[in-house]
Amino acid sequence: MSNHQNGFVINPAALEPLFLPWEEPDSHRVKADKPGDSAKIIKGRRPTPITIAQNLRSAVRDWREGFYAGASDTTRYLLDHWFKRSHRKKSDNGEESPFNYYFCQREAIETLIYLKEVRHLNCLSQIVAEFSGTNAELMALGITEEEDLWSRYAFKMATGSGKTKVMSLAMVWSYFHSLRESDSEMARHFVAIAPNLTVYERLREDFKPVDGGPDIFDSDPLIPAEWRGDWNLSVILQDAASGVATGGTLYLTNIHRLYDTSKRKTKKDGETYEWVGLPFLNRKPLIPAQL
């Protein structure tokens, strides 16, 4: 069945999902062989052209199916709590409904843990050498010392797929790993940098709602009930006064705070700053770009 709209043929069946958001993708659509035919459904997950990501998917899947071998007790407990237990969540109107993390959120935090804790791959050259396929070791030799200076992990996720939830999963994992594992190198203090004021306001609503509502750590099933007494994270907004933190700290700020405003040359810049934002192209960041 199809509908005609504005000269286009719309096939409702082509919009039906092939799997649920919390299920691992097991099929995908490809272009039909002939114009006008329905797209073909191919078994298996759609491959990514990013070699490292493609190889990591396979490695993390094997690790998941192997019951997270090599992970600490803290890590396995959290992963089981997040992804194997049944959860319910209240909506804004107070109604409860089943809650599941999306598979893309699960895969992201699993990949971070797999690289950081299980494989101890802490720099770009190590990851390239391990997962870049053909000529991987040669490619790793092209990584400069500056590029390897900081431990960095990037997760490509679609708009609306829940990047903030992955951030919260990562912080909870790091916090409890630091607290409960004697040899942990993880942190209990975090900085979240928004790319603009709009995103900053959204993050503020998630991490420290101004209306007194629950933050994401209370509204989502992030923390096992039996560990709730050990959770002590203070959320500090930019420009807010802060004292000594007795537990952990999340400092939430906006990217423009990392730029040097002392080199503003004209009075006009100062007069227009509040409503047009920073002239980024004329400023150098106060911290290395890779941060």
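This passage describes a three-stranded sheet, the helices that lie across it, a pair of packed helices and the aromatic contacts in a predicted model.

In the predicted model, three strands form an open sheet in the order 7-9-8, and their pairing is parallel. The edges of this sheet are formed by strand 7, which spans residues 189-194, and by strand 8, which spans residues 233-237, each of them pairing on one side only. From one strand to the next, the twist averages 20°. Strand 7 and strand 9, the latter covering residues 248-254, run parallel and are joined by six bridges; within strand 9, Leu250 is the residue that stands opposite Phe190.

Two helices are in contact with this sheet. Helix 6, comprising residues 163-180, lies across strand 7 and strand 9, and its direction makes an angle of about 165° with strand 7. Helix 7, comprising residues 197-207, lies across strand 7, strand 8 and strand 9, and runs at about 155° to strand 9.

A further packing arrangement involves helix 2 (residues 73-84) and helix 3 (residues 103-118), whose axes are 12 Å apart and enclose an angle of about 175°. Because angles over 145 degrees count as roughly antiparallel, helix 2 and helix 3 are assigned to that class. On the side of helix 2, the residues that meet helix 3 are Thr75, Leu79, Trp82 and Phe83, and their counterparts in helix 3 are Arg106, Ile109, Glu110, Ile113 and Glu117.

Aromatic contacts were examined in the same model, in which 12 aromatic pairs are found. In the pair formed by Trp63 and Tyr68, the ring centres are 4.8 Å apart and the planes stand at 65°, so the geometry is edge-to-face, given that planes over 60 degrees apart fall into that category. Both partners can also be classified by accessibility, for which buried means under 20% relative accessible area: Trp63 is buried at a relative accessible area of 5%, and Tyr68, with 1% relative accessibility, likewise counts as buried.

Ring pairs also link a cluster that consists of Tyr77, Tyr175, Phe176, Phe207, Phe217, Trp227 and Trp231. One member of this cluster, Trp227, takes part in a contact with a charged side chain as well, since the charged end of Arg180 sits over the ring of Trp227 at 4.0 Å from its centre.

Key
Residues are numbered from 1 along each chain as its sequence is written. This is a predicted model: local features need pLDDT of at least 70, side-chain atom pairs count only at pLDDT 80 or more; totals for chains, interfaces and linings use all residues. Side-chain values use heavy atoms; hydrogens and water are left out. Two strands pair if DSSP finds at least two bridges between them. Helices (H or I, at least four residues) and strands (E, at least two) are DSSP runs, numbered from the N terminus. Axes are lines fitted to C-alpha atoms, for helices over the stretch in contact, and angles run from 0 to 180 degrees between N-to-C directions. Contact means heavy atoms within 4.5 Å. Rings of Phe, Tyr and Trp (its six-membered ring) pair if their centres lie within 6.5 Å; planes under 30 degrees apart count as stacked, over 60 as edge-to-face and the rest as tilted. Buried means under 20% relative accessible area, exposed over 50%, partly exposed in between (1.4 Å probe, protein chains only). A charge sits over a ring if NZ of Lys or CZ of Arg is within 6 Å of the ring centre and within 35 degrees of the ring normal. Angles under 35 degrees count as roughly parallel, over 145 as roughly antiparallel, 65 to 115 as roughly perpendicular and the rest as oblique.
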